[in-house]
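Welcome, and please open the structure in your viewer. This tour goes from stop to stop, telling you what to select and what you will find there.

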Amino acid sequence: MKHRIVVLGAGYAGAFSAGYLARQLHPDDFEITVVNAEPDFVERLRLHQLAAGQELRHRPLAEVFAGTGVRLRVARVTAVDVEDRTVTVADGDGIDRLGYDTLVYALGSTAADQGVPDVHEHAFHVAARPSALRLRTRLDELGEDGKVLVVGGNLTAIEAATEFAESRPGLRVGLVTSGELGGWLGAKARRHLLRAFERFDISVHEHTTIGRVEKDAAVATDGTVFTSDVTVWAAGFAVHPIAGASGLEVIANGQITVDRQMRSVSHPDVYVAGDSVFVIGENGRPLPMSCASAGFTAMQATAAIIGDRTGRKISTTSLSYVGNHISLGRRDGIFQLVDGDAHVRSWALCGRTAARVKSTILDTAAWTLSHPTFGKPSHTYRAVAAREHSPRVVAA
């Protein structure tokens with residue numbers, strides 16, 4: 001009987017994991033199934049561009065995994081039973097349960113409401129494709145005249161605010177943050193960031209905490225009212241509560257606790273990658289939720305799965321976070337380097353070059369994930385190709 005590997009999620013971490021495992025494991029011994037709520041690979045790091053009105057490349061997962069032997073199930077994960085080793089999924093045909101021998105949990109994260117009332121009812125976010133498209137529709141309704149308020153001071157908030165201001169110059173864009181805008185950047189990078197906000201005429205309200213969101217306003221805890229036609233919530237990320245409800249050991253925010261090989265410390269047949277994982281990096285700090293972290297953790301998880309199931313030596317992937325890359329519209333950006341202790345360095349790359357570097361990195365990541373068969377064909381692809389091109393007997 002084949003060993004059943006089920007991969008939950010086909011974002012940066014999940015899509016890489018599935019493709020790499022299919023490349024390395026023999027199809028006669030392993031069966032790989034990917035479960036994803038959408039039929040396409042979504043470039044989450046470009047969703048603020050989608051919301052702003054730009055078109056992203058269509059990458060159907062059926063085409064991504066064609067010829068790999070990976071089975072695609074387009075469905076929403078509703079529950080995981082780690083004792084029974086089953087996953088409950090729902091789609092247009094109803095509810096189904098999938099059994100597994102090895103589980104790769106890569107469901108990622110979504111926008112965190114931080115306990116603020118009515119965020120989900122009145123605010124938009126860009127942490128998922130459906131929500132980004134809803135925001136895009138609302139911005140289209142406003143046309144060239146409207147007020148947009150972005151809540152948050154992290155990378156997503158900065159990128160969303162500048163993208164909206166550049167793509168829709170008629171909008172009046174503002175940003176509210178509980179801290180200092182770009183306060184975690186080095187002096188050079190922060191100066192560049194503030195100049196960009198001034199150039200885009202984005203109003204900034206620092207050291208202000210939003211206490212509730214209304215249909216046409218965001219109200220600060222001190223009573224200040226920020227009127228807006230659209231409130232975009234970008235105040236952090238939260239992992240899906242499915243992990244905690246499954247019985248896996250998690251920390252307070254719902255991230256799954258793992259060992260250095262990305263195995264769940266409570267259920268070692270579950271491997272975790274991406275935003276859902278809680279692991280300490282090389283600098284002694286928790287690895288942040290990011291595309292880079294998704295790559296590191298997926299590489300380590302797949303290496304561990306292959307080693308645990310085949311006896312091969314498990315390679316160790318470095319968990320080093322080197323810096324923050326921020327787009328400021330399509331023609332400007334910042335890359336802030338950090339040292340081994342995650343402290344910012346004085347060096348930073350700013351301007352068009354930084355924007356081009358980030359765009360190249362994202363394009364390369366998306367292309368690589370969309371072409372899991374690239375390079376020398378492994379036994380998996382040879383076996384699949386042989387089946388696909390062998391003569392078929394058709395009953396008379």
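A cavity, in this tour, is a set of grid points where a 1.4 Å probe fits but cannot get out. The model in front of you is predicted. Searching the whole structure for cavities of 30 Å³ or more turns up 2.

**Stop 1: the largest cavity**

Select Gln49, Ser327, Gly329, Arg330, Asp332, Ala355, Lys358, Ser359 and Leu362, the residues that line the largest cavity. The space they surround has a volume of about 60 Å³. Now colour helix α10, residues 352–370: this helix gives the largest share of the lining, 4 residues. If you colour by class instead, you will find 2 nonpolar, 4 polar and 3 charged residues around this cavity.

**Stop 2: the second largest cavity**

Next, select Ala111, His125, Val126, Ala127, Thr156, Trp233, Ala234, Gly236 and Phe237, which form the lining of the second largest cavity. It holds about 30 Å³ of space. How many nonpolar, polar and charged residues are in this lining? The lining has 6 nonpolar and 3 polar residues, and no charged ones.

**Stop 3: a pocket**

Let us move on to a pocket. The second largest pocket has a volume of about 240 Å³. To centre your view on it, select Gly152, Gly153, Thr177, Ser178 and Ala235, which lie nearest the pocket's centre among its 20 lining residues. By class, that lining is made up of 9 nonpolar, 10 polar and 1 charged residues.

**Stop 4: helix α7**

Now select residues 187–199, which make up helix α7. From first C-alpha to last, the 13 residues of this helix reach 18 Å, close to the 18 Å expected at 1.5 Å a residue. Which residues of α7 are buried? They are Ala189, Arg190, His192, Leu193, Ala196 and Phe197. Turn the view to look down the axis of α7: the buried residues fall within an arc of 160°, so they line one face of the helix. A rule about helices helps here: an α-helix has 3.6 residues a turn, so residues three or four places apart point the same way.

Show the surroundings of that buried face next. Its residues pack against helix α6 (155–167) and the strands β10 (171–176), β11 (203–205), β21 (333–338) and β22 (344–350). Then swing round to the other side of α7, where Ala187, Glu198 and Arg199 are exposed. Before leaving, step just past the end of α7 to Asp201, which takes a positive phi of about 60°.

**Stop 5: Ser17**

Select Ser17, which sits in helix α1, residues 12–24. Is Ser17 buried or exposed? Ser17 counts as buried because its relative accessibility is 0%, and the cut-off for buried is under 20%. Show its contacts, leaving out residues up to four places away in sequence, and you will see Val104, Ala298 and Thr302.

**Stop 6: Val42**

For the last stop, select Val42, in the loop between β2 (30–36) and α2 (47–52). With a relative accessibility of 18%, Val42 counts as buried. Beyond its neighbours within four places in sequence, Val42 is in contact with Leu47 and Arg129. Finally, draw a C-alpha to C-alpha distance from Val42 to Leu133: the two are 91 residues apart in sequence and 12 Å apart in space.

Key
Residues are numbered from 1 along each chain as its sequence is written. This is a predicted model: local features need pLDDT of at least 70, side-chain atom pairs count only at pLDDT 80 or more; totals for chains, interfaces and linings use all residues. Side-chain values use heavy atoms; hydrogens and water are left out. On a 1 Å grid over the protein atoms alone, a cavity is a set of points where a 1.4 Å probe fits but cannot get out, and a pocket is an open set with protein on both sides within 12 Å along at least five of seven lines; lining residues have an atom within 4 Å of a point. Grid points are joined across faces, edges and corners, and a volume is the space filled by probe spheres set on the points. Ala, Val, Leu, Ile, Met, Phe, Trp, Tyr, Cys and Pro count as nonpolar, Asp, Glu, Lys and Arg as charged, and the others, Gly among them, as polar. Helices (H or I, at least four residues) and strands (E, at least two) are DSSP runs, numbered from the N terminus. The expected span of a helix is 1.5 Å times one less than its number of residues. Buried means under 20% relative accessible area, exposed over 50%, partly exposed in between (1.4 Å probe, protein chains only). The arc is that of the directions from the helix axis to the C-beta atoms. Contact means heavy atoms within 4.5 Å.
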